[in-house]
Amino acid sequence: MAIDVGGGFALHPFQMPEPTGYEDGSMQMGKRGHIDHLALKVHDEECLQEVRRRLVKAGASDGTITDFGAVRLVTFKDPDGMEGEVARWTDSKRVLGFEERKRELWPD
């Protein structure tokens, strides 16, 4: 479920049926507490690559792009350790599952 908040922004709330034991926060995905992660949308591939380069330079990301078909994203950690992602939506209508996703590694 997504809540459209306008301007291309959306909230993707998840309700956990039972307490996870991580209500105070954790670094493990799905168990980080009230906000699991933050995703920022960019408008084109050139912008995604520029943000990717800057995140690697800052030491906030290894630069790997994960391609889920309908969306390509690069993850990062903020100074407090919270995970975030920068995403570009593609023209594809198909979202690949985790087992189908493709990885584009940062060139050494």
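Biologist: At what angle to β5 does helix α1 run where it lies across the strands?
Modeller: This is a predicted model, in which local features need pLDDT of at least 70 and side-chain atom pairs 80 or more, while totals for chains, interfaces and linings use all residues. Residues are numbered from 1 along each chain as its sequence is written, and side-chain values use heavy atoms, without hydrogens and water. Helix α1 (a DSSP run of H or I, at least four residues; strands are E, at least two) spans residues 45-57 and lies across β4 (65-67), β5 (71-77), β6 and β7. Between N-to-C axes fitted to C-alpha atoms, for the helix over the stretch in contact (heavy atoms within 4.5 Å), on a scale from 0 to 180 degrees, its angle to β5 is about 20°.

Biologist: Which strands stand at the edges of the sheet?
Modeller: The open sheet has 5 strands in mixed pairing (at least two DSSP bridges per pair), ordered β3-β6-β5-β4-β7. Each edge strand has a single partner, so one of its sides lacks a neighbour in the sheet; the two are β3 (38-41) and β7 (102-104).

Biologist: By how much are neighbouring strands of this sheet turned against each other on average?
Modeller: Direction is ignored in this average. The turn between neighbouring strands is 25°.

Biologist: Which residue of β6 stands opposite Leu38?
Modeller: β3 pairs with β6 (residues 83-89) in the parallel sense, over 4 bridges. Opposite Leu38 stands Gly84.

Biologist: Is Glu46 buried or exposed?
Modeller: Glu46 sits in helix α1, and its C-alpha is 9.9 Å from that of Arg88, 42 residues away in sequence. Because its relative accessibility is 66%, and buried means under 20%, exposed over 50% and partly exposed in between (1.4 Å probe, protein chains only), Glu46 counts as exposed.
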